[in-house]
Structures are given as structure tokens and as C-alpha cells.
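Hi everyone, thanks for making time for this. Please get the sequence and the 3D view up on your screens, and then we'll walk through it together.

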Amino acid sequence: MAIRRFSEKKLTAEVLHRIRKTKNRRLKQVMTAYIKHLHAFVREVKPTPEEWMQGIQFLTETGHWSTDKRQEFILMSDTLGVSMLVDALNYKASGGATQSTVLGPFHRENSPEFALGANVAKNPADGETCVISGTVRDTAGRAVAGAKLDIWEGGADGLYDSQKGDEMNLRGVFRTDGKGRFHFRCVVPTFYPVPNDGPVGKMLVATGRHPMRPPHLHFWITAPGYRPLITHLFRKGGKYLDSDAVFGVKPELIVDFKKGRDGVVTASYDFVLMKEKK
Ligand code: BEZ
Ligand code: FE
């Protein structure tokens, strides 16, 4: 067979033609879009060979920084708004259901289970104690009893437990009571930076951005028959609410952490779950 003359204009079509036999339809759709968009990106940017190599080195470095404890690619997805975009396209809260937000890299499997009312903070230095309470309901307003609330947060030093070692702290699993109610103690959330000592941190600096996240507490709420809800509660008045490094803030998730006359800080929230898709 004669070898066809190279044509920059026809190159994209030729690459697409080469994957025409891809059996998996979804993979074919994904690869087709990927090749088209990647070629369009290169045509728009017109990188020099040195710039293209710089891009490849950035991705290589991102891979080298990734371990089972540090996922630099997820961080890149988070800081470029892609994690929030994927979530927005997949979790459409309707019927008064609670809004979702980004999972982040600090969730851990097998968090300790606690009785309602327990304090997830092990040390006084973890931060100022606060009481979080509320309910879990469905979109018809019915209480969801036995819903699992997996919660986690960073401490006053701006770090999650896993950034300091293997010991679990400032995280735990609670279950709602027969009326769908929950309450527990933790620390008043503070703002902190996303890990920024790697390539993603360099990208943030180079693009004139800060690495900070506003004060928040993570929730992953599950119950049989309902769609899992991954979300945060953000602290009203907290710094960086309008410039979260990972674009996770939704106004519906901002709550008041109030200090009562007794000096105790409290916050409450009523979560609403959507039924599982049939
Ligand atoms: C977090 O909230 O824990 C987080 C989310 C995305 C990237 C880094 C940290
Ligand atoms: Fe967080």
C-alpha cells in the first residue's frame, strides 16, 4: 500500500480513522473527543517543541509526586475546576435536596464509629470545640433513620491527620437516630492551603492564584435507597469563601457557627437526600 503524503490538515482525521475499530463504544466516544480537543488545543496554542516538552515534564512531575497518600492529579483536577464540573454534571440536587461539593483527597476508609454526641477531636490543641447538630431527611421531609454520616476536617494547624501520620483524628462515623437526628462535637473549622509544595502549587503561583480553602467540615452521607451525598458545611464569614482554590463553595452550604451565651459554638444543618436512581 502506498504511504500517503503527510498533511497537517488531515492529521486529526487520520488519527480518528485509526481508532475506528475500537470495540467499546464509550471508549471510542471518549478517545474521539480527547483526540479532537487535544489537537484543537495544540492548533490554538501552537507550542514550540520546548514548550511541549515543558508540558510533558509538568505531567511527569505530577505523576512522580503521586502516591497512595498524595494524589497530585486529583489536586490538579480540583484546582482546575474539573472535579466540581464532573460533580455538577453527575449530581443534580433537586426537590430541595442538599447540594454536593468536592470530595477532596483527605477522606479515609474505616474512620472510627462514635455514639451520637461524641467528640472527634482527640487533643485540646486541635481547635475550638463546637457542636454540630441537625437532621437527615428525604425530599418528602421524612426522617432518614440510621443514615451514616462520615465526617472529617483539618485542625487548627491547617492540617488533616493523614498529613501528619497514620493516627486517625478529627474524623468519625455517626448514625442518625430514629427521628433522623444527629449531633457530635468537633472543632470550629479553619481555612488552610491545599498541598502546594508540588507541581500544582507551582502552577497556582505561576497563574497568580492562592492555594487556600475556606473553613469547612466534610460530610459523606449514605443510607440504603438514597444517593450518597458528598458535601461540606462552610463557615459563614470565613476567609476565602469567594476564592476557594478548588471552586467548591455553594451558598446553600454556608452556615453560621454561633457562640452561645454559655461560650459554646454551635452550628446546625438539615441535610436532604435524594432517592437512588432506579
Ligand atoms: C479538602 O477540602 O480537603 C481538599 C479538597 C480539594 C483539594 C485539596 C483539599
Ligand atoms: Fe477539606
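I'll talk about how the parts of this protein meet, and then about the empty spaces inside.

One thing up front: what you're looking at is a predicted model.

Okay, the overall layout. The domain assignment splits the protein into domain 1, residues 11–64, and domain 2, residues 72–273. If you take the centres over the C-alpha atoms, domain 1 and domain 2 sit 35 Å apart.

So where do they touch? On the domain 1 side, 5 residues are in contact, and they meet 7 residues of domain 2. Putting the two together buries about 530 Å², with 77% of that coming from carbon and sulfur atoms. Now, three names to find on your screens: Phe58, Glu61 and Thr62. Together they supply 84% of the area that domain 1 buries against domain 2, and no other three residues give more.

Keep your cursor on Glu61 for a second. Which residue forms a salt bridge with Glu61? That's Lys202, and the closest N and O atoms of the pair are 3.0 Å apart. Between domain 1 and domain 2, the count is 1 salt bridge. The count of residue pairs in polar contact between the two domains is also 1. As for the side of domain 1 that touches domain 2, its residues come out as 2 nonpolar, 2 polar and 1 charged.

Right, on to the empty spaces. Rolling a probe the size of a water molecule over the atoms shows where empty space is left. How many cavities of 30 Å³ or more does that give here? The count comes to 2.

The largest cavity has a volume of about 90 Å³. There are 13 residues lining it, and the ones closest to its centre are Gly104, Pro105, Tyr192, Val194 and Arg213. By class, that lining divides into 9 nonpolar, 2 polar and 2 charged residues.

The second largest cavity comes in at about 30 Å³. Its lining is Glu153, Gly154, Gly155, Pro189, Thr190, Tyr192 and His216. Here the classes are 2 nonpolar, 4 polar and 1 charged.

And look out for Tyr192: that residue is in the lining of the largest cavity and in the lining of the second largest cavity.

That's my bit, thanks for listening!

Definitions and conventions. Residues are numbered from 1 along each chain as its sequence is written. Chains are lettered from A and ligands numbered from 1 in the order in which they are written. This is a predicted model: local features need pLDDT of at least 70, side-chain atom pairs count only at pLDDT 80 or more; totals for chains, interfaces and linings use all residues. Side-chain values use heavy atoms; hydrogens and water are left out. Domain bounds come from an automatic or database domain assignment. Contact means heavy atoms within 4.5 Å. Buried area is the accessible area (1.4 Å probe) that two parts lose on being put together, summed over both. A salt bridge is a side-chain nitrogen of Lys or Arg within 4 Å of a carboxyl oxygen of Asp or Glu. A polar contact is a pair of N or O atoms within 3.5 Å; within protein, one must be able to donate a hydrogen and the other to accept it, and residues adjacent in sequence count only if both atoms are side-chain atoms. Ala, Val, Leu, Ile, Met, Phe, Trp, Tyr, Cys and Pro count as nonpolar, Asp, Glu, Lys and Arg as charged, and the others, Gly among them, as polar. On a 1 Å grid over the protein atoms alone, a cavity is a set of points where a 1.4 Å probe fits but cannot get out, and a pocket is an open set with protein on both sides within 12 Å along at least five of seven lines; lining residues have an atom within 4 Å of a point. Grid points are joined across faces, edges and corners, and a volume is the space filled by probe spheres set on the points.
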